[in-house]
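Visitor: Hi, I have just opened this one and would like someone to walk me through it. Could we put it up and talk it over?

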Amino acid sequence: MIVRIATEDQYRLPDNDAERLNELDNRAVAAVEADEEDTFHQVFEEMLQLVRTDGHKLDGDELEESDVIIPPPDTSFTEAAREFTGEGLIPD
Amino acid sequence: MPGMGGRMSTVIKAKINKMLDKAEDPSETLEYSYAKQMELLQNVKKGIADVVTAKKRLQLQQQKLEQQVVKLDTQARQALSAGKEDLARTALERKQFAQTELQTLDQQVVELESQQQGLIDKEQKLRSKLEQFRTKKEVIKAQYSAAEAQVKISEAATGVGEEMADVGMAMQRAMDKTENMRARAGAMDELEASGAFDDNLTLTAGQDDIDRQLHELTSGSQVDDDLAKMKAELGEGGAPSPALEQGKPADQPTQGGQQ
């Protein structure tokens, strides 16, 4: 599967990482909803690390659409919170 | 994709797609509109230039603040040797404030540098993907039937389109951050203009608003330490002399971080 870390790069990951990634994503969202900033950053960082270490960067000649797009690595907790209440990282 | 119900990803993907939808059909755009692509690359270049400008301005402020730190230290020394402890304290408080600002500036310059590099990388990546698309398109046209070629070209176009949207996002974020720093730099300039870092130390200590604010802002203990250190140094070797160690502050600021 192809995963993009927004503003960074696209990576090719083994398909069986999908479940792990999905779980981390759900935990990140849950942390935002529970207003737990530290947990959010911790889980989000784990997500980024999983993609960066398990994935291989796509070459410049590969023109692929991503299956998954993860928010930019420098996403703040405030931005993440806004993301789930309407306006977010990318203005509507 | 099955099993990928991740909400963060879904939200971001939906927004990226919305951005792409707003643009003309990416396949069309890529195939025919060379001008459009160049425009996008020019925008990225402009974004990079803005970041560089902001960085230069911050570096200029770094230099000014470094000079201020040296000057205020000297002034504190002079005031102390002239027996004006209040005045020395004010100078040291200002020095402390300037040093704190310097630390913030150092961090910001580092951050801007990484943004600048990030945008340069993104621009190169996008350029290379656009080139790749142009080449690939011709190969696909030659190898596949018209219908198949259309599907394949459109897939490749989506890949490039996503890259374009991502570059746009990276640029927007860089601009927002640069704007924040610019606002802060502007506030610093105002503070300076209003006399916070005035080199005229004839004013009496604590006479204006800024001094009161500085009393609150700066950590008293650091100022007390500096003052005690300075007193000890001045105390050595007998009677204080007004010209003592003029222009030779004990606590030289680091000259690093300038590029």
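Visitor: Which residues form a negative surface patch here?

Guide: Before anything else, please keep in mind that this is a predicted model. The negative surface patch is formed by Asp35(A), Glu36(A), Glu37(A) and Asp38(A).

Visitor: Take Asp38(A), then: is that residue buried or exposed?

Guide: Asp38(A) is exposed, because its relative accessible area is 64% and the cut-off for exposed is over 50%. As for its place in the chain, Asp38(A) lies in helix H2 of chain A, which covers residues 37-54.

Visitor: Let's switch to rings. How many aromatic pairs are there over all chains?

Guide: The count comes to two aromatic pairs over all chains. One of them is formed by Phe40(A) and Phe44(A), whose rings are stacked, with 5.4 Å from centre to centre and 10° between the planes.

Visitor: And where do those two sit relative to each other in helix H2 of chain A?

Guide: Phe40(A) and Phe44(A) are four residues apart in helix H2 of chain A, so about one helical turn separates them. Both Phe40(A) and Phe44(A) are buried, and ring pairs link these two with Phe77(A) into a cluster.

Visitor: Now the other chain. How many helices and strands does chain B have?

Guide: Chain B has seven helices and zero strands, so that, read from the N terminus on, its elements run α-α-α-α-α-α-α. Of the 259 residues in chain B, 41% are buried.

Visitor: Can you pick one residue there, say Ala174(B), and tell me where its place is?

Guide: Ala174(B) has its place in helix H5 of chain B, which spans residues 146-193, and it counts as buried because its relative accessibility is 4%. Its C-alpha atom is separated by 9.9 Å from that of Glu111(B), although the two residues are 63 apart along the chain.

Visitor: What about charges: how many salt bridges are there over all chains?

Guide: The count is 27 salt bridges over all chains. Among them is one in which the side chains of Asp166(B) and Arg4(A) meet, at 3.2 Å from N to O. Asp166(B) lies in helix H5 of chain B and Arg4(A) in strand E1 (residues 2-5) of chain A, so this pair joins two chains.

Visitor: Are Asp166(B) and Arg4(A) buried or exposed?

Guide: Asp166(B) counts as buried, at 0% relative accessibility, and Arg4(A) is buried as well, with a relative accessible area of 0%.

Visitor: Which side chain does Asp74(A) meet in a salt bridge?

Guide: The side chain of Asp74(A) meets that of Arg173(B), at 2.8 Å from N to O. This pair joins two chains, because Asp74(A) lies in the loop between strand E4 (68-70) and helix H3 (77-83) of chain A, while Arg173(B) lies in helix H5 of chain B. Asp74(A) is partly exposed, with a relative accessible area of 35%, whereas Arg173(B) counts as buried at 9% relative accessibility.

Visitor: And Glu79(A), what does that residue form a salt bridge with?

Guide: Glu79(A) forms a salt bridge with Arg173(B), and their closest N and O atoms are 2.9 Å apart. This pair also crosses between chains, from helix H3 of chain A to helix H5 of chain B, and Glu79(A) counts as buried at 16% relative accessibility.

Visitor: Last one: which residues are joined into one network by salt bridges that share partners?

Guide: That network joins Arg4(A), Lys122(B), Lys129(B), Glu162(B), Glu163(B) and Asp166(B).

Terms used:
Residues are numbered from 1 along each chain as its sequence is written. Chains are lettered from A and ligands numbered from 1 in the order in which they are written. This is a predicted model: local features need pLDDT of at least 70, side-chain atom pairs count only at pLDDT 80 or more; totals for chains, interfaces and linings use all residues. Side-chain values use heavy atoms; hydrogens and water are left out. Patches are made of residues with over 30% relative accessible area and no salt bridge: like charges are joined within 9 Å, nonpolar side chains (Val, Leu, Ile, Met, Phe, Trp, Tyr) within 5 Å. Accessible areas come from the Shrake-Rupley method with a 1.4 Å probe; for residues, only the protein chains shown count as cover. A salt bridge is a side-chain nitrogen of Lys or Arg within 4 Å of a carboxyl oxygen of Asp or Glu. Lys and Arg count as positive and Asp and Glu as negative; His and the chain ends are not counted. The place of a charge is taken as NZ of Lys, CZ of Arg, CG of Asp or CD of Glu. Buried means under 20% relative accessible area, exposed over 50%, partly exposed in between (1.4 Å probe, protein chains only). Rings of Phe, Tyr and Trp (its six-membered ring) pair if their centres lie within 6.5 Å; planes under 30 degrees apart count as stacked, over 60 as edge-to-face and the rest as tilted.
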